[in-house]
Amino acid sequence: SAAGWAHVADGSAMTVLGIDLGTQSVKVAAVEATHDGRDATVVASASRPYPVDSPHPGWAQSDPQAWLAAVSDAAAEVLDRIGDTPVALGLSGQMHGVVLTDDTGAALRPAILWADTRSAEQARRIRADLGANTLARLGSAPFPGFAGVTLAWLAEHEADLLARARWALQPKDWLRLQLTGAVATDPSDASGTLLYDLVAGAWSEEAMVACRVRSDLLAPVQASGALAGMVRADPHLAGLPVATGGADAACGVHGLGLTVGRGALALGTGAQLSSVIATADPDDTLRTHTFATVGRVGEAFYRLGAVQSGGLALERVLAWLGADVAEAQRALAAGIRPGDPLFFPFVAGERSPYLDPDLRASWLGLSLSTTREAMLRSVLEGMAYTVAAAYAAIVESGAAPASPLTVLGGGSRDPAYVALLATALGISLRPAAVADATVIGAARLGADVVGESFPALAVAAPGAGAHGIVEPAHNAIVSERQQRWVADAPSSQRGQSSE
């Protein structure tokens, strides 16, 4: 740490490591910022994949040891490439999962991930037990894959194992425990468990009873940028101070430097619409999620429209039709036609605004004249309308983000899809030519540990950057088809009720 301080004090660039522990891979990045805090860039990064296992239909789990091995391998590559000494390390991680550990920190079973749907029955029971008012304070309706709901399933199906457990940790918190020996979580990850009262800023006794969770299983909550310990287990990272870290969506918000009133749309396996708000301000309709931002307890919050049917649905359809992404993009660029089928992309249920894990994908309007091109085009169209439904729920909750909305992720690189999204959402979009917001958000938290100010990505500021703004178009065909899609969407009325 003393070497790091000397490195910063001489006015030269400061390097911080950011680790983003994703669902299927980890990304480790060396992020460099000048001492004046005006510029930041990823100078080296490495990713390593690991499998997501599904031993039964609807299950999604991973071996945490595979995460640890992937982190060590990727970190070694990055450190070898930069030839420099980072001053600190910050963590970001996939939300909602559960890693059960014994008192040594060893995982007792595979981690159950956010995409796991085995706990649908428990989600329904918890919703009935707690009611809309309490759930609004917890930030979300119960949904399979949330930690509290998963723990309720474990209490019913693996009670002996749960009784032996010492900790029930979020994925990035388990990783930090392995690196440092320290047990903690932060407000952003705590708020995604369905066990944390956002208004009170503390674990909820009522939620723990409903989810059958022992209070001593839950990690203490501390600021995302607080020092959580020093790396002692990994020879490549030994001695680095480690920040508590944050949930991936919150780290993305932090990496973009979003302030109250601004938002972003991240397009990947799913889609995440975020809008930063000053107070918890629960959404009583429960059609969106309210989570804490990274930072101190009660510092700020964000409304989230979480869409599962993004790239996941596209991937499935491409496999069914033997197509690739480029073919689907060309089909959309050719223009939506009035006779195209409508596609409902709910291959794994849906969250905002439908909150129904049992929804499934379908086409409406297939005919003898339907072409392969039309089917591919309709998939991207249906994805856009699903994102628009989540955006409408955010607006109706009183958390409309300012225009233009920053859009990033893999889907933001397709001009035709971004143009369709702008029209479907009815808001100007600013595509961001970055893929590093989450890992930069993690690095910014690492910099907090050594008391340094670390810049966010410039794309978050109004008018910043050289990227053009995409305006909504007046497209009668899209407008008519979107109205039909909303009317015909399965369970479209379920998301309209808090019952």
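Two strands pair if DSSP finds at least two bridges between them. Strands (E, at least two residues) and helices (H or I, at least four) are DSSP runs, numbered from the N terminus. The model is predicted: local features need pLDDT of at least 70, side-chain atom pairs count only at pLDDT 80 or more, and totals for chains, interfaces and linings use all residues. Residues are numbered from 1 along each chain as its sequence is written, and side-chain values use heavy atoms, with hydrogens and water left out.

**Exercise 1. The sheet**

Give the order of the six strands in the open sheet, and state which strands stand at the edges.

Solution.
1. The order is β16-β17-β15-β14-β20-β21, and the pairing is mixed.
2. β16 (289-292) and β21 (429-431) stand at the edges; each has a single partner strand, so one side of each is left without a neighbour in the sheet.
3. On average, neighbouring strands of this sheet are turned by 25° against each other, direction ignored.

**Exercise 2. Strand β14 and its partners**

Describe how β14 (residues 263-267) pairs with β15 and with β20.

Solution.
1. Recall that strands of a sheet pair through backbone hydrogen bonds, either parallel or antiparallel.
2. With β15 (residues 271-277), β14 pairs in the antiparallel sense over five bridges. Leu265 stands opposite Leu273 in β15.
3. The two strands form a hairpin, with three residues between them.
4. With β20 (residues 405-409), β14 runs parallel, joined by four bridges. The bridge partner of Ala264 in β20 is Thr406.
5. Four of the five residues of β14 are buried (under 20% relative accessible area; exposed is over 50%, partly exposed in between, with a 1.4 Å probe and protein chains only).

**Exercise 3. Two packed helices**

At what angle do helix α9 (residues 248-255) and helix α14 (residues 437-449) pack, and which residues make the contact?

Solution.
1. The angle is about 80°, and the axes are 7 Å apart. Axes are lines fitted to C-alpha atoms, for helices over the stretch in contact, and angles run from 0 to 180 degrees between N-to-C directions.
2. Angles of 65 to 115 degrees count as roughly perpendicular, under 35 as roughly parallel, over 145 as roughly antiparallel and the rest as oblique. α9 and α14 are therefore roughly perpendicular to each other.
3. Contact (heavy atoms within 4.5 Å) is made by Asp248, Cys251, Gly252, His254 and Gly255 of α9. From α14 come Ala437, Thr438, Ile440, Gly441, Ala442, Arg444 and Leu445.

**Exercise 4. Aromatic pairs**

How many aromatic pairs are there, and what is the geometry of the pair Phe343 and Trp363?

Solution.
1. Rings of Phe, Tyr and Trp (its six-membered ring) pair if their centres lie within 6.5 Å; planes under 30 degrees apart count as stacked, over 60 as edge-to-face and the rest as tilted.
2. By this rule the count is nine.
3. Phe343 and Trp363 lie 4.7 Å centre to centre with 45° between the planes, a tilted pair.
4. Phe343 is in strand β18 (residues 342-344) and Trp363 in strand β19 (residues 362-364), 20 residues apart.
5. Phe343 is buried at a relative accessible area of 1%, whereas Trp363, at 22%, counts as partly exposed.
6. Phe346 and Trp485 have ring centres 6.2 Å apart and planes at 55°, so this pair is tilted.
7. Phe346 is in the loop between β18 and β19, and Trp485 is in helix α15 (residues 476-488), 139 residues apart.
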